[in-house]
Amino acid sequence: MKMLFRNASVLVREDDGYNVLQGACLAVDGEYISYVGFDEPDEDWDVVRDMSGKMLMPGLVNAHGHSAMTLVRGAGSGLPLERWLNEAIFPVEAKMTVDDIVVGTAWACMEMLASGTTQIADMYDYPFAAALTYAKIGIKANLARVGLCFDKEIEPGDWPRTAECINFINVLDGKADINPEAMRELPETAETMALPAELKAAVASGRVKADFSLHSEYLTTDKFVKAISEANSVMHKRVNIHVSETEKEHMECILRRSKTPMEYFADMGILDQPVYAAHCVWVTDRDLKIMAEKGVTLVHNPTSNLKLGNGHARIPEAIAAGVNVALGTDGCASNNNLNMFEEMHLAALVAKGAEKDPTALTDAQILDMATVNGARALGRTDTGILKAGFKADIIAIDMTAPHMLPALDPVALLIYSAQGSDVCMTMVDGKVLYEDGEFFTIDREKTEKDLLEASARLFG
Ligand SMILES: [Zn+2]
C-alpha cells in the first residue's frame, strides 16, 4: 500500500536537534517511510490524507513495562516496593492464568496505541501468550520471561525456569520444538503442534522479538545469572534487568557482596551482552562509567520511581557520562498508566527541578529518550525517526486542542503540553492500528468485558 500524508507538520531529527517541517509531505510505501519533504512526489497513491492541524512524529518507545499488569492497575497504592510486591502484587499474580495474560496484554495495547506507543519491552510471565497477543494486534514488542530464582542452593538445571527462559527464545526463533510449557501458554498450538501463523509472521517481520531477563540482583542467584549469561553468550539476545531501583536493594547488595548491583552484573559477565537496565535510581558514578563502557542502556521510569518513593535516576549525569538513556512506564500497577507523554513531561520536570537548572535536559534529549534511544536499546535501529528508509512507525498528534495553541515552539509543546489523548492516529509498519478512538485489530467491547471479569476474579 502506498500512502501519502500531505499538509502535515512533520517532526524530523536533525544533527543539532528536532525541527518541525510545516506543511510537509510524508509518504509510506509498504512497511517503510519512502519520503519526507516539502515537494509532493508525483506517484500513484492508494491513499492520500490531508493532515492539516496534525503533527506526525515517531511512535513512542516504552522501553520498560509489564503489560499484563493492567489487571492490577493501581493495586497496593501507598506501599513501599518490598511490601507492595509481596502483599499487593505477587499473591494476585500467582492466580493469573494464560487467559488473564492475553486480556491484560491486549488492554495494555489499547492504552498504548491510543497514547502513541508503537513498541514496548515487556518482561512478564506467560510470554508466549503475550507474544501471540502482540502479533495479532500489531504493536512491536521485545518480550522476556521473568528470570527469577530464589533458592541459592539449587542448580540451574534443576530449576525449570532456566530451561523455560531459554526455550521461549529458541521456539520463537524456530530453533526448538514447542515443549509442554509453551503449549500451555499457546492453547491454539495444541492441535497443530506449530506456532500460530500470526506469531510466526510477527517474528519473521521482526515485530515480535524474544529477549532474556534477569529480574534483579535480589531475586536471582549467582548460579542462575551464570547459567543465563552462559546460554546467552551463544544466543546473543538482549537482556532486560531491574537494577538499583530502591536504596534498600542497592545498599543490601553492597553489604552482601561489597559491590553495587551494576558491579555485580558486570563481574558476572552479563554486561558484555546487550543489556537494558530499568530504574538505575541509586547507581553510582562508577556504575554510570561501567554502563557507558559496556553500552548498557538506562531505562528511566520517573513515574514509577516517584510513586513508590524510590527517588529518581540522575539522568543529566548519565547522559554526561555517555550512557544511552531510554524511557519507560514500568507496569501500570506502579504508575498507574502507560502514557509515555506523561513520562517525557515528568522526566523533564524532575531533572530540571532536582538540578535547579532549566537547561539540565534539552527538548531533544527528552524526545530522543522516548524514541530513538529506546529503539536502539531494543535493537530496532530502523525505527524512532521519521526519515525515508525507516519503518513507518508513526503517530499523529492533534495540534488544534486548546492546550496546544498557539504553537510558538511545537517541539516543546510535545513535552510540556501534549497529552496522550492528543494522539489521533497510530501506525506500525505502515499499518494504521488506531485512529480517532477506533482500534482496528482489537475487539474493544470483548476485551473490556474480559478484563473486568478477570480483575473481579483476581481480587475477589
Ligand atoms: Zn519493572
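**Entry 1: the whole chain**

How many of the 460 residues of the protein count as buried? I found that 60% of the 460 residues do, where buried means under 20% relative accessible area, exposed means over 50%, and partly exposed lies in between, with a 1.4 Å probe and protein chains only.

Before going on, I noted that this is a predicted model, in which local features need pLDDT of at least 70 and side-chain atom pairs count only at pLDDT 80 or more, while totals for chains, interfaces and linings use all residues. I also noted that residues are numbered from 1 along each chain as its sequence is written, and that side-chain values use heavy atoms, with hydrogens and water left out.

Next I looked up the secondary structure, which comes to 18 helices and 18 strands. Here helices (H or I, at least four residues) and strands (E, at least two) are DSSP runs, numbered from the N terminus.

I then checked the overall dimensions. The C-alpha trace spans about 65 × 60 × 45 Å along its principal axes. The radius of gyration is 21 Å, which agrees with the value near 23 Å for a compact globule of 460 residues. That radius is taken over C-alpha atoms, and the globule rule is 2.2 Å times the number of residues to the power 0.38.

For contacts, meaning heavy atoms within 4.5 Å, I looked at pairs with a separation of 6 or more. Residues 24 or more positions apart account for 73% of those contacts.

The surface came next: the protein exposes about 17900 Å², and carbon and sulfur atoms supply 52% of it. These areas come from the Shrake-Rupley method with a 1.4 Å probe; for residues, only the protein chains shown count as cover.

Last for the whole chain, I looked up 42 positive and 68 negative side chains, with the centres of the two sets 4 Å apart. Lys and Arg count as positive and Asp and Glu as negative, with His and the chain ends not counted. Each charge is placed at NZ of Lys, CZ of Arg, CG of Asp or CD of Glu.

**Entry 2: helix α11**

Which residues of α11 are buried? In this helix, residues 285–294, I found D287, L288, I290 and M291 buried. They sit on the same side of α11, because they cover an arc of only 160 degrees around the axis; the arc is that of the directions from the helix axis to the C-beta atoms.

The buried residues pack against α9 (247–257), α10 (261–267), β13 (297–300) and α13 (315–320). On the face turned away from the buried side I saw the exposed residues D285, R286, K289 and E293. Just after the helix, G295 takes a positive phi of about 75 degrees.

**Entry 3: A392 and D429**

Is A392 buried or exposed? A392 has a relative accessible area of 0%, so it is buried. I placed A392 in the loop between α16 (372–377) and β15 (394–398).

Leaving aside neighbours within four places in sequence, A392 is in contact with V28, E31, Y32, I33, M427, V428, D429 and G430. I followed one of these partners, D429, to the loop between β16 (423–428) and β17 (431–435). D429 is buried as well, at 6% relative accessible area. Its phi is near 50 degrees, a positive value in a residue other than glycine.

**Entry 4: D436**

Further along, D436 has a positive phi of about 45 degrees although it is not a glycine. I found D436 in the loop between β17 and β18 (438–439). It counts as exposed because its relative accessibility is 60%.

**Entry 5: cis peptide bonds**

I looked up a cis peptide bond joining N335 and N336, with omega about 5 degrees. N336 is in the loop between β14 (325–327) and α14 (340–355). The peptide bond from L405 to P406 is cis too, with omega near 0 degrees. P406 belongs to the loop between β15 and α17 (410–416).

**Entry 6: two helix residues**

A370 lies in helix α15, residues 363–370, and is buried at 0% relative accessible area. Beyond its neighbours within four places in sequence, A370 is in contact with L60, V61, L327, M340 and M344.

I closed with E448 in helix α18, residues 444–458. E448 is partly exposed, with a relative accessible area of 31%.
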